[in-house]
Each structure stands twice: as structure tokens, then as C-alpha cells.
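Visitor: I'm new to this one. Could you walk me through how to read it?
Guide: Sure, let's put it on screen and take it feature by feature.

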Protein chains: 2
Amino acid sequence: MASDAHTYTDTDTDGFDGLAFDVFSRACPSRSTLEHVTGRWGGLTIGALYEESLRFNELRRRVDGVSEKMLSQTLHALERDGLVLREAQPVNPPRVDYELTPFGREVAEKLLGLIHCVEGRMDEVLASRARYDEARGGR
Amino acid sequence: MASDAHTYTDTDTDGFDGLAFDVFSRACPSRSTLEHVTGRWGGLTIGALYEESLRFNELRRRVDGVSEKMLSQTLHALERDGLVLREAQPVNPPRVDYELTPFGREVAEKLLGLIHCVEGRMDEVLASRARYDEARGGR
DNA sequence: CCGCATCCCCAAGGATACTG
DNA sequence: CAGTATCCTTGGGGATGCGG
């Protein structure tokens with residue numbers, strides 16, 4: 001049942017004309033990991049965990065808008081890919097901490113680089129949008 | 001017609017409730033740009049354009065699996081955000097070139113950094129997945 | 001508190017046909 | 001070639017309820 005978040009869409013593996021790892025190909029295995037990382041919630045989750053190790057509900061509060069289900073799914077996919085470490089402590093009430101693995105931290109840094117790059121240029125983006133919308137009136 | 005027929009369907013709720021720039025917040029305007037960049041087709045499109053300027057159908061062939069509709073939508077979103085430049089030449093048959101803006105190239109570099117980081121560690125990822133799946137049997 | 005299972009709906013997105 | 005308009009399907013993902 002953990003099967004949905006990572007179906008590799010191996011629909012047409014017929015080709016393979018010698019290029020094993022082409023990110024642009026549907027069959028490329030890294031594409032699924034990339035999707036987990038850059039997906040709607042993956043990036044935000046990783047970003048949150050980069051700052052500090054967090055528990056499930058802390059994470060849920062930090063990542064604004066994520067549902068319990070999606071957070072759970074996201075964490076599983078990231079854990080499976082080796083980006084996140086899940087540490088369940090056998091206490092009562094249950095306590096589970098999530099933290100990034102070294103690989104996860106590396107990915108997080110790249111990701112944060114991207115985020116800051118975009119954030120630092122948001123004024124440009126906003127201006128560009130205004131221009132674009134202007135040019136095509138109220139359509 | 002149309003007001004919302006092709007509003008690029010983002011959940012661009014850039015509401016601007018006057019709050020600061022917290023990427024983790026739903027209201028953060030950069031989140032929508034990030035989604036365009038890291039979305040299913042955004043990243044691959046940018047990646048393809050980083051290598052060379054391309055025409056519509058060249059792009060379509062390069063980005064394996066993208067439909068005409070989605071490519072069109074993606075390009076519009078990226079153009080609007082100021083990441084992609086659209087150059088239509090008034091010739092017959094029509095010729096339109098897409099290329100990255102300087103900002104687009106900057107973003108592309110960050111993105112490629114991420115991609116290479118992940119690709120370079122795919123063996124780890126695959127191993128981690130195997131371990132994970134092992135641990136929870138054939139479920 | 002942690003989180004899986006179920007139901008269900010809506011919008012992302014694929015296929016197709018058509019225009020300039 | 002370079003798209004737009006339309007229809008239709010699929011699964012992403014929200015809401016809720018239960019079990020450990």
C-alpha cells in the first residue's frame with residue numbers, strides 16, 4: 001500500500017538508446033526522487049526540517065496548509081528515498097522525531113539556494129507579471 | 001468567456017495580507033513562482049532551455065511526456081514570471097523561439113545543481129528504497 | 001500524540017479537433 | 001509550425017473516523 005507515491009511509470013521502457021540517465025526521459029529513475037523533493041509539499045517539508053528536527057504535528061503546523069495525510073505521505077516518500085530519518089521513541093504518549101539525513105541536508109541546501117534566489121528577485125517577478133497582465137488586458 | 005478559462009490555473013492566491021515573506025506560508029507570493037519552477041513540467045522545461053534556445057515543438061520533443069497543452073501553459077507561466085523570453089518571428093511558417101532570461105538562467109543553475117546532486121546519489125537512493133521496502137515486506 | 005484507512009470531489013492534465 | 005478551445009478522465013489530496 002505504500003505503492004502509490006512511487007510508481008515509476010515504467011510505461012515505455014522500450015527505448016533506452018544507450019542513454020541510461022536522461023533526466024528528461026520519463027523512464028529516468030531520478031525523476032521520481034526529484035518529484036518527491038520538489039513536489040508541492042516535499043520542498044517545504046525539507047526546508048522546515050533543515051532548520052531543526054521536528055515532530056509530526058510541529059511539522060504540520062510549520063508547513064502551512066499541509067494535511068495530515070499529505071504530510072504522512074510526503075514523509076514516507078522522503079524516508080524511503082533516504083532523505084529523512086524517522087525516529088520513533090517507544091514512550092507514551094508516542095513521540096516521533098523527523099530529521100534530515102546528511103544526503104537530505106545536502107539536497108536541502110541546494111533547494112534553499114533556489115528558494116532564496118527566487119525570493120530575492122520577487123520584485124522583478126511581480127513587475128514582470130504586471131507587465132505581462134497589462135499586455136493582454138483583462139483576459 | 002473566459003476570464004478564468006485559462007488563467008493558468010495556479011492557486012495563485014497571492015493575497016497579500018500584508019505579511020512578511022515566509023515561504024512556509026500559503027500566502028507567500030514566492031510560493032507560486034517556486035511551484036512554477038519546480039512543478040511537474042517547469043523544471044524540465046527550464047532545464048531543456050538552459051542547454052539551448054528552442055522552438056515550441058523542439059521543446060515538446062525534448063521534454064518527454066509533456067502534452068501540447070501543458071507545455072503551452074508552463075511556458076506562459078514562466079514567461080509571466082520573467083524566467084522565459086518568447087520571441088515570435090513574423091515569418092511564414094511561424095517561428096517562435098523560447099529562451100531563458102538572465103534570471104531564468106540563474107534559477108536554472110540552482111535547479112541543475114539540485115538535479116545533479118540527486119542524480120549523483122541515485123545509487124544511495126535506490127539502496128535506501130530497497131531497504132525500506134524490505135523492512136515492510138510486500139506492502 | 002501519531003498516523004493509517006476510507007470516502008469523495010475537484011482540478012490537473014491528456015487527447016483530440018480546429019485556427020492563424 | 002504554433003498554438004487555442006473543448007471534452008473527459010484520473011488521481012491528488014482534503015475531510016473524517018478509527019486504532020495503537
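**Around the DNA strand**

Guide: The surface near DNA strand D is made up of 7 nonpolar, 4 polar and 7 charged residues. Here Ala, Val, Leu, Ile, Met, Phe, Trp, Tyr, Cys and Pro count as nonpolar, Asp, Glu, Lys and Arg as charged, and the others, Gly among them, as polar. Before we go on: this is a predicted model, where local features need pLDDT of at least 70 and side-chain atom pairs pLDDT 80 or more, while totals for chains, interfaces and linings use all residues. Residues are numbered from 1 along each chain as its sequence is written, chains are lettered from A and ligands numbered from 1 in the order in which they are written, and side-chain values use heavy atoms, with hydrogens and water left out.

Visitor: Which residues come nearest to DNA strand D?
Guide: "Near" asks for a heavy atom within 4 Å. Of the 18 residues around DNA strand D, the nearest are Lys69(A), Arg55(B), Ser72(B), Arg86(B) and Tyr98(B).

Visitor: What do the side chains of Lys69(A) and Ser72(B) lie close to on the strand?
Guide: Look for polar contacts, pairs of N or O atoms within 3.5 Å; within protein, one must be able to donate a hydrogen and the other to accept it, and residues adjacent in sequence count only if both atoms are side-chain atoms. Lys69(A) has a polar side-chain atom 2.6 Å from a base oxygen, whereas for Ser72(B) the partner is a phosphate oxygen, at 2.8 Å.

Visitor: Which element gives the largest share of that surface?
Guide: Helices (H or I, at least four residues) and strands (E, at least two) are DSSP runs, numbered from the N terminus. The helix α4(B) gives the largest share, 4 residues.

**Strands**

Visitor: How do β2 and β3 of chain B run?
Guide: Two strands pair if DSSP finds at least two bridges between them. β2 (residues 84-89) and β3(B) are antiparallel, joined by 6 bridges, and they form a hairpin with 5 residues between them. One bridge pairs Leu85(B) with Glu99(B).

**Between the chains**

Visitor: How many residues of chain B are in contact with chain A?
Guide: Contact means heavy atoms within 4.5 Å. By that rule, 59 residues of chain B touch 57 residues of chain A.

Visitor: And how many salt bridges cross that interface?
Guide: A salt bridge is a side-chain nitrogen of Lys or Arg within 4 Å of a carboxyl oxygen of Asp or Glu. The rule finds 8 between chain B and chain A; one of the salt bridges joins Arg121(A) and Glu106(B), at 2.3 Å from N to O.
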